[in-house]
Amino acid sequence: MKITALNVYQVDLPLKEGRYNWSNGNYVEVFDSTVLEIITDEGLKGYAECCPLGSAYLPSFALGVRAGLAELSPHLIGQNPLNVGQINRTMDAALRGHPYAKAPVDIACWDLLGKATGQPLYTLLGGAAQEDVVLYRAISQEAPDIMAKKIEGYAAEGYTKFQLKVGGDANDDIDRIHATRAVLKKTDLLVADANTGWTRHEAARVVGAVSGLDVYVEQPCLTYEECVSIRRRTALPFVMDEVIDTPNTLVRGIADDAMDVINLKISKVGGLTKAKLMRDLCVAHGIPMTIEDTWGGDITTATIAHLARSTPSEFTFSATDFNSYGTVNIAEGAPKRVNGRMTAADLPGLGVTPIFDALGAPVAQYG
């Protein structure tokens, strides 16, 4: 099998809530998502989606995905997409860094591998380890009382894990954490996610002020070293996200006892190949994961579901149904939330079919 063409689509994903706010005043109202179609000489087609969280979250941005695909595509024409290892070596040789731009190529090749072998991706990623996976809900940063009311609403929909967007003013964040924890059941989990937004002294204040609550602290500061400093000052369970972006940084974090949980974002690390490697390292070292991505719609949600379903439940801290946040459906067969959980399709590959009326015409074609 050989790659004969790559088609690139751009789609806007508006939010049901109108706006998503996180640390330091950052927000997005409409997400800019890229969908990749890889066409082969045997008639099979593979799909993937990459949707950065704006341009100020990670070293990634929507136009960068499409620019990266323009750079990579000439090197991919004629390659065997089922040789996913060689595909990744080809991309790494052609373009230094930019893992998020390589991620949709890697994922689409995994989709093709599943279709060519007649197997769902969760089987190829290690086999079904659970029937469905528990989801978390991200709570956009607003006033404490508004965030508490939103948590109550989502709890009524079946969610039991909540990621609270903090990383703003420390006094406000202390109030946000107290107000939201107060409306939850004892069995519900609350994660205070600062998204790198606090300075070290602010983070120290916050973890001290909420030390008596049942709450996880996630990525309080910008750098790995600052986060480890805060980790040493609190007994609260600790989550690392933005700074765990390669297998090497994961190994360092494990060696330093830098975290109790990580957020494993598939496009951040370069796709399913590297995400699976990091997932397996976490399982081997007893580190649970939130398995997710930066953002996305139906195709991203399906990708998350397959990796999560192939991960043992005790190491799946949570996962994400991003397609429930938006107003636009871009694929048939995508996972749907049921009582705060979702599962991956049993069909070959990702098990989704793009809705081309929603995607529109390709914005770029190669091959």
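A crossing of two helices is right-handed if the near helix is turned clockwise from the far one by less than a right angle. Keep that in your pocket for the helix stops on this tour, and remember throughout that the model is predicted.

**Stop 1: α6 and α7**

Select residues 200-209, which form helix α7, and show α6 alongside. Look down through the pair with one helix in front: the crossing of α6 and α7 is right-handed. Their axes lie 10 Å apart, and the packing angle is about 30°. Angles under 35 degrees count as roughly parallel, so α6 and α7 get that label. Now turn on side chains. On the α6 side, pick Ala170, Asn171, Ile174, Ile177 and His178; they meet Glu202, Arg205, Val206 and Ala209 of α7. Colour this contact by class and you should get five nonpolar, two polar and two charged residues.

**Stop 2: α5 and α6**

Stay with α6, which is residues 170-182, and add helix α5, residues 144-156. Here the axes come within 8 Å and cross at roughly 30°. That makes α5 roughly parallel to α6, and α5 passes α6 in a right-handed crossing. Which residues make the contact? From α5, select Pro144, Met147, Ala148 and Ile151; from α6, select Asp172, Asp175, Arg176, Ala179 and Thr180. By class, the contact of α5 with α6 divides into five nonpolar, one polar and three charged residues.

**Stop 3: α1 and α3**

Next, select 62-76 for helix α1 and bring up α3. The axes of this pair are 8 Å apart, with a packing angle of about 55°. That angle makes α1 oblique to α3. Handedness again: α1 passes α3 in a right-handed crossing. Zoom in on Gly64, Val65, Gly68, Leu69, Leu72 and Leu76 in α1, then look across to Tyr100, Ala101, Lys102, Pro104 and Val105 in α3. The contact of α1 with α3 has eight nonpolar residues, two polar ones and one charged.

**Stop 4: the largest pocket**

Keep α3 on screen and switch on a surface. How big is the largest pocket? Its volume is about 570 Å³. To centre your view, select Leu58, Pro59, Glu242, Asp245 and Lys268, which are the closest to the pocket's centre among the 33 residues that line the largest pocket. Then colour the elements that give two or more residues to this lining: α2 (84-94), α3 (99-117), α9 (247-255) and α10 (266-269). The lining of the largest pocket splits by class into 13 nonpolar, 14 polar and six charged residues.

**Stop 5: the cavities**

Hide the surface and go for the enclosed spaces. How many cavities of 30 Å³ or more are there? The count comes to five. The largest cavity has a volume of about 90 Å³. Of the 17 residues lining the largest cavity, the closest to its centre are Tyr20, Tyr136, Gln163, Lys165 and Lys265, so select those. Three strands are worth colouring here: β7 (136-139), β8 (161-165) and β12 (261-265) each supply at least two residues of the lining of the largest cavity. Finish by colouring that lining by class: seven residues are nonpolar, four are polar and six are charged.

How values were computed
Residues are numbered from 1 along each chain as its sequence is written. This is a predicted model: local features need pLDDT of at least 70, side-chain atom pairs count only at pLDDT 80 or more; totals for chains, interfaces and linings use all residues. Side-chain values use heavy atoms; hydrogens and water are left out. On a 1 Å grid over the protein atoms alone, a cavity is a set of points where a 1.4 Å probe fits but cannot get out, and a pocket is an open set with protein on both sides within 12 Å along at least five of seven lines; lining residues have an atom within 4 Å of a point. Grid points are joined across faces, edges and corners, and a volume is the space filled by probe spheres set on the points. Helices (H or I, at least four residues) and strands (E, at least two) are DSSP runs, numbered from the N terminus. Ala, Val, Leu, Ile, Met, Phe, Trp, Tyr, Cys and Pro count as nonpolar, Asp, Glu, Lys and Arg as charged, and the others, Gly among them, as polar. Axes are lines fitted to C-alpha atoms, for helices over the stretch in contact, and angles run from 0 to 180 degrees between N-to-C directions. Angles under 35 degrees count as roughly parallel, over 145 as roughly antiparallel, 65 to 115 as roughly perpendicular and the rest as oblique. Contact means heavy atoms within 4.5 Å.
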